[in-house]
2 protein chains.
Amino acid sequence: MKTPFEKTAGRRVSRPSFEPLAPHELELADFFVLMAGILGVPRSVAEIYALLYISIKPLDFDLIQGRLGMSKGSVSQGLKFLRDQGMILSVKEKGSRRELWQPTPSLASSLVSLLRSQVQPALEQSAPALQRVLDGVQSANASPEVLERLARLKRWNSRALELFPLLLPPPTEA
Amino acid sequence: MKTPFEKTAGRRVSRPSFEPLAPHELELADFFVLMAGILGVPRSVAEIYALLYISIKPLDFDLIQGRLGMSKGSVSQGLKFLRDQGMILSVKEKGSRRELWQPTPSLASSLVSLLRSQVQPALEQSAPALQRVLDGVQSANASPEVLERLARLKRWNSRALELFPLLLPPPTEA
DNA sequence: ACGTACTTTCATTAATTTTTGAACCTACGC
DNA sequence: GCGTAGGTTCAAAAATTAATGAAAGTACGT
């Protein structure tokens, strides 16, 4: 561990016959990669989102793969992730079976739901665990100091759990 | 990427001649490891913190190493990290050069500062980058749609940047 | 119904992050 | 002042996570 929370650079390169990313596109990609890093989202996902975000029209699979110079697998996985998080959606031109991807209107609500998808399960599984810890401590030693610490922790945990649903009604739009 | 944000289990084991962790201690460690994972903090650090958190009295280096069954290097690094984040502090018994570690009173403010230390630098370096992206887009194509998206992004960025200092006055206690 | 354009899956490989431990400091008690 | 308890460093190993690409679906247009 140097400081935690670092990511290294390493630049991908567009496949021949696809337009390489313009400087401002690279810069936006870097921005999203940086932010994604904080949330623990891999760079390939952030790059895909950045490309869609800065594009005038919806983009298809091959173009994404070509311009970003990444593998089919990564594009597929990345699109799946973004789709599952509700961060992108697809339209289809009629007469083609190809899907065209674009960002959903509200990045804000996407981010909240992404955050929730990380934190919520942790909080839920923690609530009973913390209760067990409290029980364990009580029967073991019982320094009032430690007991108070743990009780406080548990209160936070439940408070956070209550708070989340208020932030954004789970499956719907906001 | 399966879902992102998973960590696998793998349990450490106390060195012989040190008390192995009791069930409730393990459970608290798991809780902290889980939470730390979200913030990108390694498990060893979380385990050390958990142990200090549930202990009645301050603990020394050897005891931490022994009970957690981890290497000297990890203990040293972990304590350094926690110390730098202001999450623990040490006292010394007189007549001994040994340091005894305990959590600082406010976990809350520690967490905020930890969060800040991740997010703040990213936001700062992003502000000018986003401006350059905007400039780039304007000279390149100029779909009003995309322009609006990016402008919004930039507004958020500055708003977040303004907001942070309010959350906790940078270097002091709260 | 069929063929294939398009996408997904997943075992393997590559990249990154974390842990280890032996060598190296460094300052305190004597 | 010196020896060593107490701690740090850091290169190398282990563990974890991300990316690749060939093989395997799937469903759409004909």
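Me: Two strands pair if DSSP finds at least two bridges between them, and helices (H or I, at least four residues) and strands (E, at least two) are DSSP runs numbered from the N terminus. Which residue of β3(B) stands opposite D60(B)?

Reply: This is a predicted model, in which local features need pLDDT of at least 70 and side-chain atom pairs count only at pLDDT 80 or more, while totals for chains, interfaces and linings use all residues. Residues are numbered from 1 along each chain as its sequence is written, chains are lettered from A and ligands numbered from 1 in the order in which they are written, and side-chain values use heavy atoms, with hydrogens and water left out. Strand β1(B) is joined by two bridges to β3 (residues 99–103) of chain B, and these strands run antiparallel. Opposite D60(B) in β3(B) stands L100(B).

Me: Why is one side of β1 and of β2 in chain B left without a neighbour in the sheet?

Reply: The three strands of chain B make an open, antiparallel sheet in the order β1-β3-β2. Because β1 (59–60) and β2 (88–92) of chain B are at its edges, each has a single partner strand.

Me: At which residue of α5(A) does the kink lie?

Reply: Helix α5 of chain A, residues 107–140, has 34 residues and reaches 48 Å from its first C-alpha to its last, close to the expected 50 Å, the expected span being 1.5 Å times one less than the number of residues. The bend at a residue is the angle between axes fitted to the seven residues ending there and the seven starting there. In α5(A) a kink of about 35 degrees comes shortly before the proline P128(A), at A127(A).

Me: Is Q118(A) buried or exposed?

Reply: Q118(A) belongs to helix α5 of chain A, and a polar atom of its side chain lies 3.2 Å from the backbone oxygen of L39(A). Buried means under 20% relative accessible area, exposed over 50% and partly exposed in between, with a 1.4 Å probe and protein chains only. With a relative accessible area of 8%, Q118(A) is therefore buried.

Me: Which residues are in contact with L111(B), leaving aside its neighbours within four places in sequence?

Reply: L111(B), in helix α5 of chain B, counts as partly exposed at 32% relative accessibility. Its C-alpha atom is separated by 8.2 Å from that of M87(B), 24 residues apart along the chain. Taking contact as heavy atoms within 4.5 Å, and leaving aside those sequence neighbours, the residues are W156(A), L39(B) and M87(B).

Terms used: A polar contact is a pair of N or O atoms within 3.5 Å; within protein, one must be able to donate a hydrogen and the other to accept it, and residues adjacent in sequence count only if both atoms are side-chain atoms.
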